[in-house]
Amino acid sequence: MVHPGPLQDIYQDPGEIVAMTHQDVNGFRYADGDWPMTDDFSRTVRIPAGITSKKQLLAVLALQLSFPNYFGWNWDAFEECLRDLSWIPNLGRIVIVHDDLPLANDVCEAATYLSILRDAMNLSEKSQSPELTVVFPSQFREMVEAAIEN
């Protein structure tokens, strides 16, 4: 029998389930539980709850992804850096795990951020770029979907 919709991914720690995710049409994942640790060829970026400004968000991303000194601190620069991570050696996958929806107080900025993430995920599937996975808590699914539709 063929399942009519996307199947859930279950990530297991020896003996226990640590995260169950669902993927939406935009490619984002929604998880209940902690996201599992990644391997030596992956980098997990944790975006803490309560980020309300682009400056705060870009600072967290630039630090955790080791953006180069020439990073321009704007959306275009973020998009360029996310699409070309050549300064990080042996990188096969990036997992960006959010504790909530950053910039939720500014729908236009949140939509821009989500669009950049979505486009970078699509590009990584079609190129030699590191695979990009973006995870939000399940309870923020409706907010993410509403923001991306703007």
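Two residues are in contact here when heavy atoms of one lie within 4.5 Å of heavy atoms of the other. Keep that in mind as you look around this predicted model, and start at Phe78. Leaving aside residues up to four places away in sequence, Phe78 touches Leu58, Leu61, Phe67, Phe71, Tyr113, Ile116 and Leu117.

Some of those neighbours turn up again when you look at rings. Phe67, Phe71, Trp73, Trp75, Phe78 and Tyr113 form one aromatic cluster. If you search the whole structure, you find 8 aromatic pairs.

Now zoom out to the core. In soluble globular proteins, nonpolar side chains tend to be buried together. In this model, the largest nonpolar core has 39 residues, and Phe28, Leu61, Phe78 and Tyr113 are the ones with the most contacts inside it. Quite a few elements chip in: β4 (42–47), α1 (54–64), α2 (75–83), β5 (93–98), α3, β6 (131–137) and α4 each supply at least two residues of this core. Which element gives the most to this core? That's α3, with 7 residues.

So how do two of these helices sit against each other? Two packed helices are described by the angle between their axes and the distance between the axes. For helix α3 (residues 107–126) and helix α4 (residues 141–149), the angle is about 90 degrees and the axes are 8 Å apart. That angle makes α3 roughly perpendicular to α4. Where they meet, α3 brings Ala110, Ala111, Leu114, Ser115 and Arg118, while α4 brings Val144, Ala147 and Ile148. Sort the residues of this contact by class and you get 6 nonpolar, 1 polar and 1 charged.

Methods: Residues numbered from 1 in each chain as written. Predicted model: local features only at pLDDT ≥ 70, side-chain atom pairs only at ≥ 80, totals over all residues. Heavy atoms only, no water. Phe/Tyr/Trp six-rings, centres within 6.5 Å; stacked < 30°, edge-to-face > 60°. Axes fitted to C-alpha atoms, helices over the stretch in contact; angles between N-to-C directions. Helix = DSSP H or I, 4+ residues; strand = E, 2+ residues; numbered from the N terminus. Parallel < 35°, antiparallel > 145°, perpendicular 65-115°, else oblique. Nonpolar A, V, L, I, M, F, W, Y, C, P; charged D, E, K, R; others polar. Core = buried A, V, L, I, M, F, W, Y, C linked by side-chain atoms within 4.5 Å. Buried < 20%, exposed > 50% of the residue type's maximum accessible area, 1.4 Å probe, protein only.
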